Every structure is written in C-alpha cells, then in structure tokens.
Amino acid sequence: MGPHAAAVELRGIGKRYGSTQALDDVSLEIAPGELVFVLGPSGAGKSTLLRIIGGYEQPDQGVLSIGGRRVDDVPVHRRDIGMVFQSYALFPHMTVADNVGFGLRMRGVSAPARSERVAWALQLVRLESLERRFPRQLSGGQQQRVALARAIAFRPALLLLDEPLASLDRRLRDEMRIELRQLQRQLGITTLFVTHDQEESLTMADRVVVIHGGAVQQIAPPAHLYNTPANPFVASFIGEMNVLRGTILATDGAAHEARLGGLTWRVASDQPLALGDRVTVCLRAERIALTSEDSATSATDTDAPGTPANRLPGAVRFSSYLGASTLYLVELSDGTVLKVVEPNAAGLARFAPGDAVALAWSADAAMVFSE
Ligand code: ADP
C-alpha cells in the first residue's frame, strides 16, 4: 500500500434528479489500496456515484469520507483525487508533458519539481519518449495513457476512472486492462473504476459493487459474485444465464422439485422453500452438458449422491461458434429455450441446428431465488 492510499466510506448516499432517484441509500467502504469496480447497466447511477465522490456533484443525503475525513464541504481540487473520464479530454494545444503537468501547475508545484513528476508519471505509462508530442499525434491508446499519467502525476490518494477504456478497440482494451491493473498495484493507490462491462470487472477487480436503479445489489469479490449472486439481477447480469420462473412442487430437505414452464426440474437450495412458493431459477449456460440423444438413453448416472440429475431431451435450434466454445440455443419439449455453452474440445462445434440432443445438469447447478 502506498503512503497516499486513502480509505473511502459512503453511508446512506442519496441523489435525485427531478423524478429520477439516481442513487438510493448507497453505503460502501473501500480499503486503502483497493481496486473496486462499480458495475451496472446504463442509467444505473454509476457516474453519479463517481461524480459525488469526486466532488463534482453534491449528494442530497448521506455522508462521504475520504481518508477518514468528511469531505462534504471540500471542493474538487482539494479532495486529492485523480480522475479519468471516458472521453479523455486532453488539451489539444498542449504537449503531452504540459498536459500531464497541468494539475501540478494548478497546485502551485515549482517548475523543476513539476518536470520531475511529469517524467515519473510518463515513465509509469511508458510514454517518456513522446513528451513533446501533441494529442493529435498520438493513437487512442496513447492518449488514454496520457490522461492516466495526468491523473496520477500529483500522486492523488484516490483514483476515479469512469469507463476509461470504453473508446478503445478490443485488443488495446485488453492490453490496457493489464497495464492499469499492474500500475494500480505498483502505486498501491485506492481506485474506483466504473464500467458496464462485466468481463472487465471480473478480470480486474478486488471487489465489485453491482448497482441497478441507483441501489447497491451486491458487493463482493468477482468469484463470489459469479458463484453466489445475491439476487436474479446479479445472477443474470454476469455471464450467460438461463432465467426461469415457476413454483415449488415438492420439497425434501434441501432437494426440491420446481415446475418451470411445462416441465419439472430438480433443484437444490439451502434456503427454506415451501410448496407453492414462487421462485426464479437461474442456470448458467456452461453448467448444462449436452450429449447426442442416443448416448443419453444409455448414460450412467455419474452425479454425486444427493444431487439427482436433470436429464431432458431437446433440439438444437441455433448455434454460434465462438472459437474456444460454442453457444447453443436448445428447445425443450415444452418449448422452453435454454442457452448452453460448451467448450470446443477439438476446435469444432459438435452439434448443428436440427440435431436431437439430451441436456443434463445436476440439481445444485441451478440457483433458486424466492420471490
Ligand atoms: P450510469 O453512469 O450508470 O449510466 P448515471 O449516473 O449517469 O448512470 O445516471 C443515473 C440516472 O440519473 C439516469 O436515469 C440518468 O438519466 C439520471 N441523471 C444523471 N445525471 C443527470 C442530470 N444531470 N440531470 C438529470 N438526470 C440525470
């Protein structure tokens, strides 16, 4: 952890624009040096949250502390925060070095100290050789690195990133993710990163805050979020998910039967469920195994005891080849269509539209949420 890493605490933050509740009772603690992602669909309130922390916007309710101090009355330039926006907004008439040194000059740092800091920041983002160029002479990725250098040059205690990679192409984005992550670790700077890209948040974050409709849905490390989502929204926002609604038909301890569409599924849940309960069942596409119909009829039951399998016939309706895997849409006998993702063992898809298949998954592969 760097000497400048600040803890951040939000308690009961609320913000309303006219009739829109942009943020609703948001509470969150970020440890010094942590990389926390704010993930949610467009309009969820992510940017509003970041702007409030940055001091560009005042909350209607709640308390915000940075580095253990309430900052309600502290203006933007006194909050010791570096910020990078989606549109990196470099000054076009200034060189790279002047862009990076801008915040330092505003803070009254002397010219010699400034050039030392600029060199330090540019070397961190590997742009030291381009300091005399103008923004128009740089690629998108280079411009984004200048914006990053500008945000860290004055060694802020907190870094706020609002979709900073959204305008880069795929390959550059992947590279920048790794660079950003390494730089964040190296500096030990507390960082809040806003994105609507679930993959980005899963690959980079220490913890992810999922928000929707201005409200926090779950705060957890990526693997926890993926494996034990708090509700159907989080479950279906992350990964390829099948979401079905129905009722509980039978229960026996943690084993249950649910009526979903026109079929009965075996599901498992530690939560108490009663006959007739309305439930939402979420089953990840990669948890379903496909076999050709012939082999399914003679398949032996390889499931662990206590997790009875679901085995249902289906027909492939659509397949989408993704290189390492194939996504299938498979129709069950009741007309329900399930997404199934299968790794391509030999680099090829095994099934084609029209193929008759059998689908199998264990009862505990599905997540059950009471309504
Ligand atoms: P996100 O960053 O997750 O896309 P925002 O924080 O930008 O979401 O917006 C949250 C909600 O608040 C949206 O419904 C948006 O339309 C609304 N909103 C944001 N800023 C303003 C504003 N300045 N005036 C009115 N409504 C706003």
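**Close-up views of strand pairing in a predicted model**

**View A. An open sheet of five strands, ordered β13-β12-β11-β14-β20, is built with antiparallel pairing.** Strands β13 (263-268) and β20 (366-370) form the edges, each of them pairing on one side only. On average, and with direction ignored, neighbouring strands of this sheet are turned by 40° against each other. The structure shown here, as in the views that follow, is a predicted model.

**View B. Strand β14 meets the edge strand β20.** Strand β14 covers residues 278-284, and its antiparallel pairing with β20 extends over five bridges. Within this pair of strands, Val279 lies opposite Ser370 of β20. In the order of the sheet, β14 is placed between β11 and β20.

**View C. Strand β1 pairs with strand β4 in the antiparallel sense.** The strands comprise residues 8-17 (β1) and residues 61-66 (β4), and five bridges connect them. One position to locate in this view is Leu10, whose bridge partner in β4 is Leu64.

**View D. Strands β1 and β2 form a hairpin.** Strand β2 spans residues 20-30 and runs antiparallel to β1, to which seven bridges join it. Lys15 has Leu23 of β2 as its bridge partner. Two residues separate the strands of the hairpin, in which Gly18 adopts a positive phi near 55°. Strand β1 thus appears in two of the views, with β4 as a partner over five bridges and with β2 as a partner over seven bridges.

Definitions and conventions
Residues are numbered from 1 along each chain as its sequence is written. This is a predicted model: local features need pLDDT of at least 70, side-chain atom pairs count only at pLDDT 80 or more; totals for chains, interfaces and linings use all residues. Side-chain values use heavy atoms; hydrogens and water are left out. Two strands pair if DSSP finds at least two bridges between them. Helices (H or I, at least four residues) and strands (E, at least two) are DSSP runs, numbered from the N terminus. Axes are lines fitted to C-alpha atoms, for helices over the stretch in contact, and angles run from 0 to 180 degrees between N-to-C directions.
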